[in-house]
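User: Hi! I'd like to talk through a structure with you before I head back to the bench. Can I show it to you?

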Amino acid sequence: MQILNELEAEPLPIEEEEKRHTRRLLVGLLCAVLLTTVVLGGYLWLRKRNARQLAAAVQVETQKKAPKIEVFVDDTTVEGKKALLSGTLHNISNEPVHGIAVELQLRRRVGGGVETRVVAPEVSELAPDARTRYSLEVPVGDYVSSTFLRVVAGENRVAVPFKALPGTARPPLETPTSKTVIVKRPAPKGDEFINTPHNPGKVP
């Protein structure tokens, strides 16, 4: 009887092992859920941070590509044997542009070769909302066409984003003055006609 009482008082090792196993499963499940939550939260946080960094990079790149200079390209005017290539530069950014210049591409009349000319404007330091003019004279007989290539700045001639717009139009050509030419015919001699029945003329 004493042995039976002791067995009833003490729990069986199998039940105790099942309880321990159940506790281990619960702890393991809780750790797995906690680890999954931490990993998922970290992933979402990294994703948001990368999205913010990407958006900031895109904004910076967009600002870099946004036009800083407006270029008003005038029509080419010809005076004698010289052609005048000119225009206006307008700083539309919020920052000054130092050492500004323009590059023009000229195509030669003979051989069709291409030549690039760097033209410094009247003012090389262009403050925000400031304007300056550039101009270049070339011989008409040497070049057949010209193209505005780009805007550069600084000692290394770094390209500056710009947008080109039409400038001053070519002045209209002067209309030649009309002249009235009076042709005098010889006066007829009396009532004599050139063609009469007595003096018929040949009709071609």
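User: To start, how many helices and strands does the secondary structure of the chain come to?

Analyst: Happy to help! Keep in mind that this is a predicted model. The chain has two helices and nine strands.

User: And in what order do the elements run from the N terminus on?

Analyst: The order is α-α-β-β-β-β-β-β-β-β-β, with the helices ahead of the strands.

User: What share of the residues counts as buried?

Analyst: Of the 204 residues, 17% are buried. The chain exposes about 16,700 Å², and 60% of that area comes from carbon and sulfur atoms.

User: Switching to charges: how many salt bridges are there?

Analyst: The count is five. One of them pairs Lys163 with Glu70, where the closest N and O atoms are 3.6 Å apart.

User: Where in the chain do those two sit?

Analyst: Lys163 is in strand β9 (residues 162-166) and Glu70 is in strand β1 (residues 69-73). They are 93 residues apart, so this pair links distant parts of the chain.

User: Are Lys163 and Glu70 buried or exposed?

Analyst: Glu70 has 14% relative accessibility, and it counts as buried because that is under the 20% cut-off. Lys163 is partly exposed, at 36% relative accessible area.

User: Which side chains does Glu115 meet in salt bridges?

Analyst: Glu115 meets Arg108 at 2.9 Å, N to O, and Arg117 at 2.6 Å, N to O. Arg108, Glu115 and Arg117 are thereby linked in a network of salt bridges.

User: How accessible are Arg108 and Arg117?

Analyst: Both arginines are partly exposed: Arg108 has a relative accessible area of 35%, and Arg117 comes to 26%.

User: New topic. Which residues form a nonpolar patch on the surface?

Analyst: That would be Leu40, Tyr43 and Leu44, which together have about 300 Å² of accessible area.

User: Which helix does Leu44 lie in, and why can Leu44 be part of a patch?

Analyst: Leu44 lies in helix α2, which covers residues 13-65. Leu44 has a relative accessible area of 40%, so it passes the patch cut-off of over 30%. That value makes Leu44 partly exposed.

User: Last one: what share of the contacts with a separation of 6 or more is between residues 24 or more positions apart?

Analyst: Those pairs account for 66% of such contacts in the chain. The salt bridge between Lys163 and Glu70 is a nice case to look at on screen, with its partners 93 residues apart.

How values were computed. Residues are numbered from 1 along each chain as its sequence is written. This is a predicted model: local features need pLDDT of at least 70, side-chain atom pairs count only at pLDDT 80 or more; totals for chains, interfaces and linings use all residues. Side-chain values use heavy atoms; hydrogens and water are left out. A salt bridge is a side-chain nitrogen of Lys or Arg within 4 Å of a carboxyl oxygen of Asp or Glu. Helices (H or I, at least four residues) and strands (E, at least two) are DSSP runs, numbered from the N terminus. Buried means under 20% relative accessible area, exposed over 50%, partly exposed in between (1.4 Å probe, protein chains only). Patches are made of residues with over 30% relative accessible area and no salt bridge: like charges are joined within 9 Å, nonpolar side chains (Val, Leu, Ile, Met, Phe, Trp, Tyr) within 5 Å. Accessible areas come from the Shrake-Rupley method with a 1.4 Å probe; for residues, only the protein chains shown count as cover. Contact means heavy atoms within 4.5 Å.
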